[in-house]
Amino acid sequence: MGRGRVELKRIENKINRQVTFSKRRNGLLKKAHELSVLCDAEVALIIFSSRGKLYDYGNVGITKTLERYQQSCFTPQDNSIERETQSFYQEYAMLKAKYDSLQITQRHLLGEDLGPLSVKELQSLEKQLEGALQLARQRKTQIMIEEMEELRKKERQLGDLNQQLKIKLNEEGHTLKAIQTIWGSTSAAGNTNFAFHPSPLSPMECQTEPVLQIGFTHYAQEGSSGPKNMSNEGNFIPGWGLATPFKF
């Protein structure tokens, strides 16, 4: 039956821990020596015990192996970091100088700190300002031309729309006139079929005809000498003269 897997954990017993450390240390040193002899390898082994005691092995010397280790591992990395840091510093210095120069130029363009400038520098500054002013005017003129073209385009669109509205209005006017003409002709035809009888201007112009009035009592007007004879006033018949006996 094979041996089971041993769980690796800290040995709590101090004596057992020290015995195990001694055995494993000696075995590790032996394996390092065998590796250096069998494979012709440069081996360096450093061990510190729990008490801080040093145990080491190096077939060519611990110091020589450590120097070789530092040269192969740490030196190129340090050089790359140093070169990168130096590159960053140079870039920072260049950007800072450029920033300072731009600030000075901006103050000069604003008319500040002109005292230290020479005549040539002032002439150069004047040329720069004239060039900037010319470019600003050109840009302003271009923007104004573009806005004028846009306004003209809108004007043409509004003119076309106005013309369309005029044409539509004229068409509706012709249609309205045609409808009025048809309506006038229809009215004229209706007047010819039906004669129009005008009404009398005054009721007195109508011819009097005999009228039968029942139950009418005529009273004499004020200022008359007596009642008038109703038989002589037109064809009116007194109401009492038309009395008809009723049978009960």
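**Exercise 1. The hairpin**

Which residue in the hairpin of E1 and E2 takes a positive phi, and how many residues lie between the strands?

*Solution.* Keep in mind that you're working with a predicted model. Start with the pairing: E1 and E2 run antiparallel, joined by five bridges. Now pick out two of the partners. Ala44 is bridged to Gly58 of E2, and Phe48 has Leu54 of E2 as its bridge partner. Then step into the connection, where five residues sit between the strands. Look through the backbone angles there and you'll land on Gly52, with a positive phi near 90 degrees.

**Exercise 2. Two faces per strand**

Sort the side chains of E1 and E2 by face, and say which ones are buried or covered.

*Solution.* Here's the rule to lean on: in a regular strand, side chains alternate between the two faces of the sheet. Take E1 to begin with. Leu45 and Ile47 point to one face and are buried, while Ala44, Ile46 and Phe48 point to the other face and are not buried. Next, E2, which covers residues 54–58. Tyr55 and Tyr57 make up its covered face; Leu54, Asp56 and Gly58 make up the uncovered one.

**Exercise 3. A nonpolar patch**

Which residues form a nonpolar patch on the surface, and what accessible area do they have together?

*Solution.* Go back to Phe48, which is found in strand E1. Its relative accessibility is 56%, and exposed means over 50%, so Phe48 counts as exposed. Now add its company: Ile46, Leu54 and Leu66 join Phe48 in the patch. Together the four residues offer about 380 Å² of accessible area. Notice how this links to the previous exercises: Ile46 and Phe48 point to the face of E1 that isn't buried, Leu54 belongs to the uncovered face of E2, and Leu54 is the bridge partner of Phe48.

**Exercise 4. Salt bridges**

How many salt bridges does a search of the whole structure find? Work through three of them, and explain why the Glu42 and Arg68 pair ties together separate parts.

*Solution.* The search turns up four. The idea behind them is simple: side chains of opposite charge can pair when their charged atoms come close.

- Arg10 and Glu12 meet at 3.4 Å, N to O. Both residues are exposed.
- Glu149 and Arg152 meet at 3.6 Å, N to O. They are three residues apart in helix H3 (residues 119–193), about one turn of the helix. Glu149 is partly exposed at 41% relative accessibility, and Arg152 is partly exposed at 42%.
- Glu42 and Arg68 have their closest N and O atoms 2.3 Å apart. Glu42 lies in the loop between helix H1 (14–39) and strand E1 (44–48), and Arg68 lies in helix H2 (residues 62–109), so the pair ties together parts that are 26 residues apart in sequence. Glu42 is partly exposed at 28% relative accessibility, whereas Arg68 is exposed at 53%.

**Exercise 5. The largest pocket**

What lines the largest pocket, and which element gives the most to the lining?

*Solution.* Begin with the volume: about 270 Å³ of space lies in the largest pocket. Then list the lining, which is Lys14, Arg17, Gln18, Phe21, Ser49, Ser50, Arg51, Lys53 and Tyr55. Finally, assign the lining to elements: H1 gives the most, with four residues. Tyr55, one of the lining residues, is also on the covered face of E2.

How values were computed. Residues are numbered from 1 along each chain as its sequence is written. This is a predicted model: local features need pLDDT of at least 70, side-chain atom pairs count only at pLDDT 80 or more; totals for chains, interfaces and linings use all residues. Side-chain values use heavy atoms; hydrogens and water are left out. A salt bridge is a side-chain nitrogen of Lys or Arg within 4 Å of a carboxyl oxygen of Asp or Glu. Buried means under 20% relative accessible area, exposed over 50%, partly exposed in between (1.4 Å probe, protein chains only). Patches are made of residues with over 30% relative accessible area and no salt bridge: like charges are joined within 9 Å, nonpolar side chains (Val, Leu, Ile, Met, Phe, Trp, Tyr) within 5 Å. Accessible areas come from the Shrake-Rupley method with a 1.4 Å probe; for residues, only the protein chains shown count as cover. Two strands pair if DSSP finds at least two bridges between them. On a 1 Å grid over the protein atoms alone, a cavity is a set of points where a 1.4 Å probe fits but cannot get out, and a pocket is an open set with protein on both sides within 12 Å along at least five of seven lines; lining residues have an atom within 4 Å of a point. Grid points are joined across faces, edges and corners, and a volume is the space filled by probe spheres set on the points.
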